[in-house]
Every structure is written in structure tokens, then in C-alpha cells.
Amino acid sequence: MPKRAKKNEEAVEGETGNGFASSQSEPEAPILYEDPPDKMTSKDGRASNMKITSWNVDGLRAWVRKNGLDWVRKEDPDVLCLQETKCAEKALPSEITDMPEYPHKYWAGSEDKEGYSGVAMLCKTEPLSVTYGIGKEEHDKEGRVITAEFPSFFLVTAYVPNASRGLVRLDYRKTWDVDFRAYLSGLDQRKLLVLCGDLNVAHQEIDLKNPKGNRKNAGFTPEEREGFTKLLEAGFTDSFRELYPEQANAYTFWTYMMNARAKNVGWRLDYFLLSSALLPGLCDSKIRNTAMGSDHCPITLYLAV
């Protein structure tokens, strides 16, 4: 069966997605993941007092039309981080810009291409400071990173560049990985850090349905996986794997093609990474895989800080 792209982004974003190869031996009954009950207490006995949700919305305006904000209001995070907004600030829908629940809203978009990339951060409490990008023009012009400083930690939300169909941006992605890791390490030396977003890599074979068919596809190349490994080695922890090390079939992205979501033929591309010193306060790391409105589902972090 031919390999397929994550989604047809070329017309709207110029960035093709993760290659998608279907397994030849899929079971007739899909193996679904059930998000377990939320854990509200950390290992050291503290109650969660910070809830962060991250969601690649695959186009903010379409996501709003698909009632994504209804789900957000029910989830009710303290901070909402969005990726792949594909929307210039001047074109943001009033349904989100006027949300009273989040009086502090921050947007970043592509300088060169309208309808490309883009991230957002909506906060109930005003951060101490907010910055955009990572301090390198070649990366920052694409509107991929927002950093907010809170009293006890930095929160970084990121939409990591895709290596693209045919791996035409793999070299650029490798440069990004080095520069982004240096940026995060610099922050981590100043204050503890939470990174969330679409990191555009399935780290291990357990993190996608069909690893054998995707080893040469964007999102599962050895180079991208090694970049993620080096990020962990720099002192950050994958919160979901910390709590659920053996949990298979837990994905956050499914191509729109071939009925992949119903079959749960997916990838785990969305993460909360934590400075290792934050781990004692980790309560839960959730994959909200029943929430619709995008080809990604939201993820939520409960933290005691």
C-alpha cells in the first residue's frame, strides 16, 4: 500500500505532514485507548493547582466552527495553548478573542505566509512576562513558539517544524532541534520549565501504530527521534511516559485519510515535557482522545507547583 502524507498541507501551509503507511495486518477490531480517571494528587502528596491544555487545532477558524471552544470551556484549564492556528491576528474569530474566561491572550503567526503555522496561549492569570520565538530569525519568522514566565516556572508552547513529505525539510528540522534545545536549556537554568505542543515526532515504536512502515517518513526518522532523545538527555522528562511507561495505542494525531481515527491508527506527536525537578509535582498527563475538531486531540497536564 502506498505511503500517505499526514494531511494535505501544501495548499494552505506549505508544510506536508507525517508520512503515513497503513499496517498490512491491522486487526478487524481496533484497539482503542481509554483515558483513565484524572489523578489530582502528586507523588509527594500535593494537590494539583495548575492545569494546562495543549491542542494542535489544524486551523483556528475551522476549529472554532467545529465547536472546539465548547470543549475548552468544559475542560476549563488555567492555560490553553494552541498550535497550527493558521490565522493572522487580524483575522482571529471574535468567539475566541472575546472569551472572558481568558483575559490574557497571546498570538504568534508567520511573518511571511498568511495561513501558515502559528501558536497561541490563553491564560486566566497574567504571566510575569511573555516572549515570542527563540531568538533566531530563521526560526522565529514562522511563528512557532510563545514563552510565558510564571512565578515558579516557564511555560513554552511550540509547533515544531515538520520534516515534510520527502523529508525536504529534515536538514532544517535538525538545525531547529539543536537551536530549540539550547533555548530550552537556557531557560531551565533560570527557572523550571514546562514545554507543551506538537513536537512532530513519535519518539519510540510504542508511540505510533505502524513503526515499521514509517521509519523513513517525517515524524519517525532516526534523526528526529535522536533529536527528541537529546532533549530528554538535557534534563527534560516526557510526562506521559513517566506515568504510563508501557501504555500502547495512546495517540494524539490521526490522518484524515483511510478512516484512521476510527481504527486508532495514529501517532503520539503532542507532549508535555517537564524539567526533571518538576516531577515530584506531576499529578497526571492526559490524552483527551475523544475530543473532536482537529486531526489532533488535546492533551492536559495536572501539576502541583
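# Reading loops, helix H5 and two cavities

Modeller: Start with glycine 115, which sits in the loop between strand E3 (104-108) and strand E4 (119-123). Helices (H or I, at least four residues) and strands (E, at least two) are DSSP runs, numbered from the N terminus. This is a predicted model, in which local features need pLDDT of at least 70, side-chain atom pairs count only at pLDDT 80 or more, and totals for chains, interfaces and linings use all residues. Residues are numbered from 1 along each chain as its sequence is written, and side-chain values use heavy atoms, with hydrogens and water left out.

Biologist: Is glycine 115 buried or exposed?

Modeller: Use cut-offs. Buried means under 20% relative accessible area, exposed over 50%, partly exposed in between (1.4 Å probe, protein chains only). Glycine 115 has 15% relative accessibility, so it counts as buried. It also has a partner far along the chain: alanine 88 is 27 residues apart in sequence, with 6.8 Å from C-alpha to C-alpha.

Biologist: Which value does phi of aspartate 58 take?

Modeller: Phi is near 50° there, a positive value in a residue other than glycine. Aspartate 58 lies in the loop between strand E1 (50-56) and helix H1 (60-65). Its relative accessible area is 13%, so aspartate 58 is buried. Now take asparagine 67, in the loop between H1 and helix H2 (68-75). Its phi is also positive, about 70°, although asparagine 67 is not a glycine. Asparagine 67 is partly exposed, because its relative accessible area is 48%.

Biologist: What should helix H5 span, and how far apart are its end C-alpha atoms?

Modeller: The rule is 1.5 Å times one less than the number of residues. H5 has 21 residues (170-190), so it should span 30 Å; its end C-alpha atoms are 31 Å apart, which agrees.

Biologist: Which residues of H5 are buried?

Modeller: One general point helps. An α-helix has 3.6 residues a turn, so residues three or four places apart point the same way. In H5 the buried residues include Arg173, Trp176, Asp177, Phe180, Arg181, Leu184 and Leu187. Keep several of those names in mind for the next feature.

Biologist: How many cavities does the structure hold?

Modeller: Rolling a probe the size of a water molecule over the atoms shows where empty space is left. On a 1 Å grid over the protein atoms alone, a cavity is a set of points where a 1.4 Å probe fits but cannot get out; lining residues have an atom within 4 Å of a point. Grid points are joined across faces, edges and corners, and a volume is the space filled by probe spheres set on the points. This structure holds 2 cavities of 30 Å³ or more. The largest has a volume of about 120 Å³.

Biologist: Which elements give two or more residues to the lining of the largest cavity?

Modeller: H5 and helix H6 (222-233) do. H5 gives the largest share, 5 residues. Among the lining residues are Arg173, Trp176, Asp177, Phe180, Arg181, Glu224, Gly227 and Phe228. The lining divides into 7 nonpolar, 1 polar and 4 charged residues. In this scheme Ala, Val, Leu, Ile, Met, Phe, Trp, Tyr, Cys and Pro are nonpolar, Asp, Glu, Lys and Arg charged, and the others, Gly among them, polar.

Biologist: With which residues is glycine 227 in contact?

Modeller: Contact means heavy atoms within 4.5 Å. Leaving aside neighbours within four places in sequence, glycine 227 meets Asp177 and Arg181. Glycine 227 is in H6. From glycine 227 to arginine 181 is 46 residues in sequence and 8.7 Å in space, C-alpha to C-alpha. Glycine 227 is at 12% relative accessibility, so it counts as buried.

Biologist: What lines the second largest cavity?

Modeller: Its lining includes Arg268, Asp270, Ile287 and Ile299. Helix H7 (239-243), strand E10 (270-275) and strand E11 (282-287) each supply at least two residues. The space is about 40 Å³. By class, the lining has 5 nonpolar, 2 polar and 4 charged residues.

Biologist: Which residues does threonine 252 touch?

Modeller: Not counting residues up to four places away in sequence, they include Arg268, Asp270, Ile287 and Ile299. Those four names also appear in the lining of the second largest cavity. Threonine 252 lies in the loop between H7 and helix H8 (260-263). It is buried, with a relative accessible area of 0%. Its side chain makes a polar contact with that of aspartate 270 (2.5 Å). A polar contact is a pair of N or O atoms within 3.5 Å; within protein, one must be able to donate a hydrogen and the other to accept it, and residues adjacent in sequence count only if both atoms are side-chain atoms.

Definitions and conventions:
1 Å grid on protein atoms, 1.4 Å probe; cavity = no way out; pocket = protein on both sides within 12 Å on 5 of 7 lines; lining within 4 Å.
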